[in-house]
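Dear colleague,

I am passing on the structure below, and my notes on its sheet follow underneath. Please read them with the coordinates open beside you.

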Amino acid sequence: MSNIKKILCAVDFSSVSEKVADYAKSLAKPLDAEVVCIHVVPSGTIYADFGIPMNSMETFCTTMVSEGEKTLAEFMERHFSDMNCRAKVTCGDFSEEILNCAKEEQADMIVMGTHGRKGMDRLLFGSVAEKVLRQAPCPVVAVRPS
């Protein structure tokens, strides 16, 4: 594990995000690794089928990114203030944005949460963690909610 110099920590501000941050920190600190904390907001295009005008969707995404940046800054201060870390907020498909960031940042590891969805919820919402696990360019640590 000594070759781990950059950890991508994906958070959605749910209750599992606290555990994800703790886990990322516990891995990064002894390795003196940098933590890049990413938060992805949904793009407005998921609402396109509801007849919402494109300019409204763009405004929605801009507002969500701005609010996400504020919330992520507070989150980072609580969890990573004593470490080498950076924050990144993007807008788009959750798994795609995490995977793109991991590649762009040349992350050595991804730490993210799972929501443990089953049955119909999983069928409807899919699994971000599962897609990231299958397609990531590096090892992935999936932190369960319980």
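**Strand β2 and its surroundings**

In this model, which is predicted, V40 of strand β2 stands opposite T90 in β3. That contact belongs to a longer pairing, since β2 and strand β3 (residues 85-91) run in the parallel sense and are joined over seven bridges. On β1 (residues 6-10), the pairing with β2 is likewise in the parallel sense and extends over five bridges, and here I7 has V35 of β2 as its bridge partner. Between these two strands the chain passes through helix α1 (residues 15-31), and the resulting β-α-β crossover from β1 to β2 is right-handed.

Strand β2 itself (residues 34-41) is mostly covered, with eight of its eight residues buried. In a regular strand the side chains alternate between the two faces of the sheet. Accordingly, E34, V36, I38 and V40 point one way, while V35, C37, H39 and V41 point the other way, and all of them are buried.

Taken as a whole, the sheet is open and has five strands in the order β3-β2-β1-β4-β5, with parallel pairing. Its edge strands are β3 and β5 (140-143), each of which pairs on one side only, and neighbouring strands are turned against each other by 20° on average, direction ignored.

As for the helices, α1 lies across β1, β2, β4 (109-113) and β5, and runs at about 155° to β4. Helix α5 (residues 128-135) also packs on the sheet, where it touches β4 and β5, and its direction makes about 165° with that of β4.

With best regards

Key:
Residues are numbered from 1 along each chain as its sequence is written. This is a predicted model: local features need pLDDT of at least 70, side-chain atom pairs count only at pLDDT 80 or more; totals for chains, interfaces and linings use all residues. Side-chain values use heavy atoms; hydrogens and water are left out. Buried means under 20% relative accessible area, exposed over 50%, partly exposed in between (1.4 Å probe, protein chains only). Helices (H or I, at least four residues) and strands (E, at least two) are DSSP runs, numbered from the N terminus. Two strands pair if DSSP finds at least two bridges between them. A crossover is right-handed if, with the strands pointing away from the viewer, the path from the first strand over the helix to the second runs clockwise. Axes are lines fitted to C-alpha atoms, for helices over the stretch in contact, and angles run from 0 to 180 degrees between N-to-C directions. Contact means heavy atoms within 4.5 Å.
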